[in-house]
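Let's walk through the charged side chains in this one and see who pairs with whom. Have the structure open as you read.

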Amino acid sequence: MAFGVRSSFEVCVFDKDKQKLPQQADNQGLKTETLIVDLVKNSDVLMLAVKPQDFDIVLDEIKSFIKDKLVISIAAGITTGYIEKILNGARVIRAMPNMAVKIQAAETGLAKGRYANDEDLVLAKDLFELLGKVWLVKEEMIDSVTAISGSGPAYIFYDMEINKLDPLTIPVELKNEYVQKLKQAAFEVGFNPKMALDLAICTTASSIQLLIKTGHSPAELRKMITSAGGTTEAALKVLSGNGSWSEAAQAARKRAQELSRKE
């Protein structure tokens, strides 16, 4: 994500695991900080790409320095209300990009919290449009975004894996079948027909492009996208039991709701 937005924004990154920080970052248009507090102090916008189990620790570390900052969270299952409460009414936007962010072809759902304003939302939209397509949604739909564009690529990877399909030679008819299955799944988790179709088309296209551009196999990408106990794992359990994509999406959304931390 940092590499994707560096052309238009000055980007500074921090990770508690220093091995994950980009080597020779200055030569790649990025800055790094060794302390999270310094990152917060020197930033106007904070993007929290943190695992849910680490989130409370991070919020506690930054809450004294967050005044007048915009906070963008991509942590699954953690609501803007939860973050706002801990950060004393901070301006928060919740984002849910998918794995295609690696090739700047992501599908991202954005929802603003209680205190974020329209200008904040425009800024977040501009930022994530550098990484792919953006949909503005109400926060209650973020779990559905997770089920379709977040976990949805794994439905495609799983089908290609078990049928031993090559992304370079996948038939147009099968791509259209994927689109129709995802469209129906999106409709059944609450999207209107137009947005369901848009999400399905974009998610199918970016998933196949991800395979082609990264050179990874469907099995490798499926494993990358699947966290233990997460939404994608819940969906894949349904698919492996011969369930439909709609049933898989409903399982993913249900798991996202179970993992949710609200106010």
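**Salt bridges, one by one**

Start with Lys181, which counts as partly exposed (between 20% and 50% relative accessible area, with buried under 20% and exposed over 50%; 1.4 Å probe, protein chains only), at 29% relative accessibility. Before going on, note that this is a predicted model, where local features need pLDDT of at least 70 and side-chain atom pairs count only at pLDDT 80 or more, while totals for chains, interfaces and linings use all residues. Residues are numbered from 1 along each chain as its sequence is written, and side-chain values use heavy atoms, with hydrogens and water left out.

Lys181 pairs with Glu177 in a salt bridge (a Lys or Arg side-chain nitrogen within 4 Å of an Asp or Glu carboxyl oxygen), at 3.3 Å from N to O. Both sit in helix H8 (residues 172-188), four residues apart, or about one turn of the helix; helices (H or I, at least four residues) and strands (E, at least two) are DSSP runs numbered from the N terminus. Glu177 is partly exposed too, at 37%.

Helix H5 (residues 118-129) holds Lys125 and Glu129, again four residues apart. Their side chains meet in a salt bridge at 2.6 Å, N to O. Lys125 is partly exposed at 28%, and Glu129 is partly exposed at 39%.

Now for a pair from distant parts of the chain. Glu139 forms a salt bridge with Arg94, with the closest N and O atoms 3.1 Å apart. Glu139 lies in the loop between strand E7 (132-136) and helix H6 (142-150), and Arg94 lies in strand E5 (residues 91-96), 45 residues apart. Arg94 is buried, at 4% relative accessible area. The structure holds eleven salt bridges.
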